[in-house]
Amino acid sequence: MSGGGDAIIVSALSKTYKVRQAWRRAQSLRAVNDVSFTVERGGTYGLVGESGSGKSTIARILLGAEPASAGKVRIAGRAPLAGGRAARKAFHRVVQPVLQDPYASLSPLQRVGRIIDEPIRIHGAQPRTSVAQLLEQVGLRADMAWRYPHELSGGQRQRVAIARALGIAPEVVILDEPVSALDVSIQAQILNLLRDLQERRGLTYLMISHDLAVVAAMSTRIGVLYLGSLMESGTRDEIVHSARHPYTGALIAAATGGADFVSARGDIPSPMQLPPGCPFQTRCASATSRCAAEKPEPRMISPTHRIACHYDLPPVGAKIQGIA
Amino acid sequence: MTGAPLLEVRNLTTSICSSGGAVTVVDQVSFSVAAGRSLALVGESGSGKSMTCASILRLLPPSGRIEGGQVRFHGQDLLTLPEREIRRLRGRRIGMILQDAMTSLNPIMTIGDQLGEVFRRHHGVRDRAERRRRAVAALEAVEITGAAQRLDSYPFQLSGGMRQRVCIAINIACAPDLLLCDEPTTALDATVQQQILGLLKRLQRERGLAIIFVTHDLRLAAQFCDEVAVMYAGRIVETGPIGAVFAAPAHPYAEGLLAAAPELGAAPGRLAAIPGTPPAPGSVPVGCRFAPRCTQAEAICSTAYPDWFDWQERSAACWLVPKRLAVPARVVETTA
Amino acid sequence: MVDIPLSGFLRRPAEPVLKLAPLRRRLGAGRRLQRGLAMLVSVVILAFALFGPIFEPFDPQAIDLSASFQPPSAEHWFGTDQIGRDVLSRVVEATRLTLLITGCVVALAGGLGGLAGIGAGYFGGALDALVMRLADIQLALPAIILAMVLAGAVGQTLPNLVLVLTLASWARFARVLRGEVLSLRTRDFILLVRLAGASRGWIMLRHILPNVVGTLVVLATIEAGSVIVLEATLSFLGLGIQPPGISWGGLIAEGRGFLGAAWWVCACPGLALMLAVLAVNLLGDALRDRLNPLLPSDLSS
């Protein structure tokens with residue numbers, strides 16, 4: 001167990017890819033641009049963004065699947081991809097993923113029981129909880145251990161993926177769109193399960209989704225990503241009920257379908273051709289020439305609420321249920 | 001307020017041949033849509049909503065087969081029409097928009113050419129310049145800026161939202177009476193989704209289109225449609241005006257579906273999940289198909305399939321309707 | 001259950017199914033018949049190979065000039081050749097040698113080629129480039145040229161024949177398996193095992209190899225057909241099995257001159273060759289149908 005403090009620390013994280021298309025010169029794709037946030041131990045941080053926002057890239061960097069181009073990442077005090085093989089293996093014990101596609105996450109040739117205890121076998125650890133107990137904790141019958149993945153439904157497979165992630169008792173779980181591929185009624189079951197497991201084991205979650213409603217249901221703090229930059233971040237209530245950034249407003253409009261919010265115009269630009277200045281200015285209803293010329297620096301408008309916008313626009317937010 | 005139904009589906013039943021025999025995926029489905037109105041077909045995986053759409057246009061996979069029922073379009077039963085006649089209806093009187101716009105478009109033809117093809121085939125426009133002119137007009141009708149330049153783009157050069165707009169443009173170029181939309185916005189980003197829905201709504205108003213909107217998202221349906229039909233395990237379980245159903249769902253499944261979806265305005269906490277999973281199409285339980293998962297099920301629910309109750313323009317197939325809603329409900333039909 | 005997306009099957013409109021059903025049933029029966037035949041012929045060939053002499057009514061080398069050019073009869077089912085040797089016995093004897101060679105070649109080419117392909121796909125980089133260039137070279141050279149060059153260089157012996165055939169066949173295995181491994185590498189479950197801390201060796205042994213074994217087996221069965229034909233071609237040209245060794249290609253070459261007068265000397269080995277290749281191909285098809293459903297296609301939309 002590493003020292004106290006935040007479970008996840010991300011500071012000035014950037015990631016640039018060099019993309020070469022056949023006959024053209026290599027272009028650089030800034031997938032992540034100077035992103036910083038922290039997640040306290042036992043909390044849930046929700047990262048919401050649409051396509052091209054860089055959220056999956058951030059997940060991969062935090063998991064140690066890819067190196068960052070710049071910036072600092074600490075998960076439970078450790079840096080991913082630092083040190084030799086042993087250090088990296090130890091890092092993987094601390095943070096585990098749950099990914100989007102339940103049909104691709106499980107090896108088709110192994111039985112469920114073997115899939116779940118594979119991380120335990122890799123680390124040669126003595127499992128604290130047996131496979132049967134893990135299955136029970138994720139709401140499956142113990143005899144499921146003998147089945148093959150193709151015999152299970154999407155929701156059941158996702159439960160198996162969660163059981164596998166928890167087998168080696170990580171401190172942090174990175175959830176990259178964990179319920180997007182599931183039906184609504186199953187989504188709710190899985191989200192409830194994740195909530196229960198977090199309470200029981202004191203896990204720290206990074207919840208990544210394109211669906212603001214899902215993120216809002218699970219997170220204590222939320223960050224809004226657009227084209228690789230954090231547009232706004234704050235506590236859940238601040239984001240949901242008094243968002244100050246126009247992009248967050250557009251997401252709220254999309255999630256509630258209300259006519260009172262101004263939606264975003266046009267399409268999301270390609271990350272390879274980032275707009276100059278503020279990334280959102282091409283679609284923002286309140287954009288000015290300053291927005292196109294100058295990229296806004298993030299500033300705090302409250303001890304917990306940070307936005308990257310030149311202007312102080314009035315807050316927007318979803319109506320609190322029950323109040324007209 | 002509703003006019004005569006443009007499309008009337010009665011007891012439509014479709015099955016799919018699999019290795020285990022014929023499996024019924026659409027079971028005695030009945031609904032109707034009037035001109036200028038939109039109906040949402042809401043259900044989860046395996047509910048049969050996509051197959052219902054396919055059955056209307058008789059575009060089933062080779063292993064699929066329409067077992068019975070009627071699909072009356074302008075009074076004519078589509079299921080008994082010869083193949084030649086149905087082909088003339090497809091695209092011209094009844095359009096279809098699918099989920100994945102990328103695979104709906106020909107990747108090696110420019111947008112202009114694909115639109116031009118519609119004008120050539122359906123309107124007999126021989127002049128190339130005239131086709132181009134109409135293509136530009138069609139793109140502008142779907143709110144694509146810089147339409148003249150876009151004509152020479154290929155589908156891969158456009159974003160997802162743009163591609164879906166092009167698909168819509170191709171569909172409405174023939175001025176159809178009915179548009180079938182199968183999850184047209186599911187694959188799009190949230191902000192783009194709103195734009196496409198707004199576009200569809202505007203087009204519907206301007207052209208008096210009837211729309212059948214298939215989706216798994218009841219809230220999305222509420223934003224967009226006038227009426228809703230909720231499907232479960234191949235059958236329709238509830239119909240009615242969207243506002244009324246949304247405010248006070250009659251069928252426990254519809255109620256569960258609404259409660260399970262996370263809502264932005266609600267306080268954070270556990271979601272009201274529906275326990276269990278939907279039945280596989282080949283193995284539906286006796287009695288009400290939702291009974292095994294229903295928290296309010298009674299003894300009769302697992303022995304006899306519910307009658308279809310009807311009140312105030314709404315209807316639902318649930319034994320508990322008279323009790324739950326305290327309304328005098330007329331039994332429309334006793335289902336076998 | 002995954003809802004079938006509409007776009008997946010809008011390929012052609014449904015025809016009245018009533019007409020199609022009986023046809024489909026007949027096709028199903030035909031397929032079963034094919035499989036049955038394939039199994040039968042394969043078993044026969046295997047029996048010949050393992051217990052050859054039992055099936056040979058006469059000594060394949062026994063010369064009987066008085067009985068030369070006998071047409072197929074009750075005594076000599078395939079007739080006799082120009083010096084009175086029983087053609088049936090010679091065909092059966094040829095089976096043994098052919099199968100031995102084919103077995104060795106497929107095992108070697110499959111093993112070495114497969115390993116090369118898996119290594120190229122998994123490790124990438126310089127190894128990948130090297131293996132692929134070598135494969136390109138092999139695929140560009142016709143096996144005949146290769147055989148002639150090697151025969152000239154090292155002489156025509158049985159091990160050399162196996163060597164030549166292996167060199168002429170490994171690239172196909174390498175290419176296909178490299179492709180399989182490349183697509184496997186990007187799959188989520190491999191990433192997840194890597195993120196659980198597995199070493200490359202662990203992933204290779206426990207995940208990559210088991211997932212490509214199916215493809216390897218199917219490919220080996222199908223390639224066996226090609227190897228049989230290749231060996232027959234080489235023997236036909238005189239570059240393969242030399243007399244007194246007997247092979248189908250050699251038999252066909254021998255009987256070529258007598259096609260007009262004594263067609264059975266050439267035709268019967270040809271028939272045997274054709275049946276063997278057909279059986280092996282059908283077997284490969286059946287194996288592929290069997291094994292592939294367990295290997296997942298991309299169900300994710």
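## Report on a predicted three-chain model

Gly113(A) is buried, because 21 other C-beta atoms lie within 10 Å. A residue counts as buried if 20 or more other C-beta atoms lie within 10 Å of its own, as exposed if 12 or fewer do, and as partly exposed in between, with C-beta atoms placed from the backbone. The model is predicted: local features need pLDDT of at least 70 and side-chain atom pairs count only at pLDDT 80 or more, whereas totals for chains, interfaces and linings use all residues. Residues are numbered from 1 along each chain as its sequence is written, and chains are lettered from A and ligands numbered from 1 in the order in which they are written.

**Chain A: helices**

Gly113(A) is part of helix H3 of chain A, residues 112-123. Helices (H or I, at least four residues) and strands (E, at least two) are DSSP runs, numbered from the N terminus. Leaving aside residues up to four places away in sequence, Gly113(A) touches Val131(A), Ala145(A) and Trp146(A); contact requires C-beta atoms, placed from the backbone, within 7 Å. Between Gly113(A) and Arg283(A) there are 49 Å in space, C-alpha to C-alpha, and 170 residues in sequence.

Helix H1 of chain A (residues 55-63) is largely enclosed by the rest of the structure, because eight of its nine residues are buried. The buried residues of H1(A) are Lys55(A), Thr57(A), Ile58(A), Ala59(A), Arg60(A), Ile61(A), Leu62(A) and Leu63(A). Gly64(A), just after H1(A), has a positive phi of about 85°.

**Chain A: sheet**

Chain A has an open sheet of three strands in the order E2-E1-E4, with antiparallel pairing. Strand E2 (27-40) and E4 of chain A are at the edges with a single partner strand each, so one side of each has no neighbour in the sheet. From one strand to the next the twist averages 20°. Strand E1 of chain A (residues 6-19) pairs with E2(A) in the antiparallel sense over ten bridges; pairing requires that DSSP finds at least two bridges between two strands. Within this pair, Val10(A) stands opposite Phe37(A) of E2(A).

**Positive phi outside glycine**

Most residues other than glycine have a negative phi. Two residues that depart from this are listed below.

| Residue | Phi | Loop | C-beta neighbours within 10 Å |
|---|---|---|---|
| Leu81(A) | near 60° | between strand E4 (70-75) and helix H2 (85-94) of chain A | 14, partly exposed |
| Ala175(B) | near 50° | between H7 and strand E7 (178-182) of chain B | 14, partly exposed |

**Chain B: strand E8**

Strand E8 of chain B (residues 210-215) is largely enclosed by the rest of the structure, because six of its six residues are buried. The burial covers both faces of E8(B), with Ala210(B), Ile212(B) and Val214(B) on one side and Ile211(B), Phe213(B) and Thr215(B) on the other. Strand E3 of chain B (residues 38-42) runs parallel to E8(B) and is joined to it by five bridges, with Ser38(B) opposite Ile211(B). E7(B) and E8(B) also run parallel and are joined by five bridges; here Cys181(B) stands opposite Phe213(B).

**Chain B against chain A**

In the interface, 31 residues of chain B are in contact with 36 residues of chain A. On the chain B side, the elements that give two or more residues are helix H7 (160-172), helix H8 (190-207), helix H9 (218-224) and helix H11 (252-260). H8(B) gives the largest share of that side, six residues. By class, the chain B side has 14 nonpolar, twelve polar and five charged residues. Ala, Val, Leu, Ile, Met, Phe, Trp, Tyr, Cys and Pro count as nonpolar, Asp, Glu, Lys and Arg as charged, and the others, Gly among them, as polar.

**Chain C: a helix pair**

Helix H8 (residues 248-256) and helix H9 (residues 264-291) of chain C pack at an angle of about 155°, with axes 7 Å apart. Axes are lines fitted to C-alpha atoms, for helices over the stretch in contact, and angles run from 0 to 180 degrees between N-to-C directions. H8(C) and H9(C) are therefore roughly antiparallel to each other, a term for angles over 145 degrees, while those under 35 count as roughly parallel, 65 to 115 as roughly perpendicular and the rest as oblique. The contact residues of H8(C) are Trp248(C), Leu251(C), Ile252(C), Glu254(C), Gly255(C) and Arg256(C), and those of H9(C) are Val265(C), Cys266(C), Pro269(C), Gly270(C), Ala272(C) and Leu273(C). This contact has eight nonpolar, two polar and two charged residues.

Definitions and conventions:
Contact = placed C-beta atoms within 7 Å.
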